Amino acid sequence: MGRNNIDVYDYVVVGAGAAGCVVANRLSEDRRCSVLLLEAGGPDRNPLIHIPVGFTKLTSPGVNWGFSTVPQPQMNDRQMWYPQGRTLGGSTSINAMIYIRGHRSDYESWRVLGNEGWGYDGVLPYFRISENNTRLNNQYHGVGGELNVTQQIQHNPLTRAFVLAAQEIGIDFNPDVNGATQDGVTFYDVTQRDAKRESSATAFLRPIQERSNLTVITKARATRILVKNGKAVGLEYRRRRNTHVVHADNEIVLSSGAVNSPRLLMLSGIGPAGHLSSVGVDVVHDLPGVGQNFQDHMDVYLTAETAPISYNREDRPDRALRHMIQYLLYKTGPMTACVAEAGAFVRSSDAVNSPDIQIHCLPAYVIDHGRQRRKGHGITINTCNLRPRSVGSVKLRSANPEEAPLIDPNFCGDSSGYDWEISMAGFHWGRKLLQTEAFAPYIRYEHMPGVSVTSDEAIRDYIKKWSKTDYHPVGSCSMGVGEDAVVDTELRVRGLENLRVIDASIMPKLISGNTQAPSIMVGEKGAAIMRAGKLV
């Protein structure tokens, strides 16, 4: 297809991540429509993507943008590592596969902000429609969808001890934290199928790769949206050092995530006029909210030395070979592990109406995103403040699309001190768990920060030095009704025609949990809105 030697499609979708793969699938169901899906990364051929435990090694530029934040004032001015997926499936191809939806009240808070149709009852059907849950089929869960949600094949003894430890200190066991209630400790459900990772690409793209009306181009970095008379008409992208132009007869959809979607808008002259002018980008459409309202979970973790039963050292060549043979023959063993095998949702006090702290159990030393190795065996307890009040931004470093953006999650920058308070409370929950009788047979001593670190000042210093992202960025193209909103409730970019954003960046507030499942839901609902021509 073409017009004046320029490729033309009905729809162009930018980004083959959690939401983008869903959007491309649903739009191309209408065989009368031609759909182009562009992905900056390469195909998801790396075998480590598909072996569940392989994600612990997926740090290379081949599959990971490998961003860093700007210096974080509250965190000793550290420039913190900020990984994001860069391959088919996006971050769903490099994450820990945990399936969490958040709390009912999260979506009700979206509705209260003026986003009618995005309350809990409005989003629940779009969680269910994607889902093929292998153990639950009820008002909260679906079967027959493309995304396989299942129980993990195995749990490390330290994980089982964690679940018992939580109950010992009064946290009830909850078999479904995505159902009627979120409070409690649980063995996480995961996105896996047949002992392999189930990413957005394997669920929504691979089964439809033969559709003649769907074109997928990888290693294609979008550099500019073409706007004419207030309408998005096309896109420039770079591939193999060449610049290409594609036109869209109907719409362009940005699904590049909370970092790269606002980045592309701003590179295209769509965003805060003052900022764009300051970096040498011609202003096409002054939209102050682009790149603002950026939110993320900050992770505070403790580690402890354990008996030799963790996953540490299981990647030694002799053991890895044995595990690989077991995996290939029986689809069992450590190769099936998602590492973050269990978790808990707790409340910082009786005054809060829903869990505001999430705790992950990782039966291994995982220090500095796993980039720091330590001899011996260990356990890591991650804790995070689920509803931080700190808000940051994504900005351009320059007009050069090859330069990494300025990412500022503004961790613990909330002036009220609330985020510090909840982060400290999460830390104490983690330490309390490690000191239970259930863990006593396995834990030898607390490694980080160590039992001598007890004062509030010392704990704060530790958090400043070692906290990290929990990989849940949202909000930078926020949905809403005010002047700071970037998209409306139908995910159309305000003030422009034929341009939408459908990904985690539209979330006006961060949800209470991992963001993979909600991002896929946004893709489902956004695509349904597009096909219906209105909010559904």
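## Strand β14 and its partners

In this predicted model, tyrosine 9 has alanine 248 of β14 as its bridge partner, and the pairing to which strand β1 (residues 7-14) and strand β14 (residues 242-254) contribute is parallel, extending over 7 bridges. Strand β13 (residues 231-239) also pairs with β14, but in the antiparallel sense and over 6 bridges; here glycine 234 is matched with histidine 247 of β14. The hairpin of β13 and β14 leaves 2 residues between the strands, and arginine 240 adopts a positive phi near 50° in this hairpin.

A further pairing joins β14 to strand β25 (residues 499-501), in the parallel sense and over 3 bridges, with leucine 254 finding its bridge partner in valine 501 of β25.

## Packing of α1 and α12

Helix α1 (residues 18-27) packs with helix α12 (residues 516-532) at an angle of about 30°, their axes lying 8 Å apart. Because angles under 35 degrees count as roughly parallel, α1 is roughly parallel to α12, and the crossing of the two helices is right-handed.

On the α1 side the contact is made by Ala18, Ala19, Val22, Val23, Arg26 and Leu27, which meet residues of α12 including Ile520, Gly523, Glu524, Ala527 and Met530. Sorted by class, this contact comprises 8 nonpolar, 3 polar and 3 charged residues.

## Helix α9 and its end

For helix α9 (residues 317-330), a rise of 1.5 Å a residue leads one to expect that its 14 residues span 20 Å, and the end C-alpha atoms are indeed 20 Å apart, so the expected and modelled spans agree. Lysine 331 follows α9 and has a positive phi, near 60°.

Note on methods
Residues are numbered from 1 along each chain as its sequence is written. This is a predicted model: local features need pLDDT of at least 70, side-chain atom pairs count only at pLDDT 80 or more; totals for chains, interfaces and linings use all residues. Side-chain values use heavy atoms; hydrogens and water are left out. Helices (H or I, at least four residues) and strands (E, at least two) are DSSP runs, numbered from the N terminus. The expected span of a helix is 1.5 Å times one less than its number of residues. Axes are lines fitted to C-alpha atoms, for helices over the stretch in contact, and angles run from 0 to 180 degrees between N-to-C directions. Angles under 35 degrees count as roughly parallel, over 145 as roughly antiparallel, 65 to 115 as roughly perpendicular and the rest as oblique. A crossing is left-handed if the near helix is turned anticlockwise from the far one by less than a right angle, and right-handed if clockwise. Contact means heavy atoms within 4.5 Å. Ala, Val, Leu, Ile, Met, Phe, Trp, Tyr, Cys and Pro count as nonpolar, Asp, Glu, Lys and Arg as charged, and the others, Gly among them, as polar. Two strands pair if DSSP finds at least two bridges between them.
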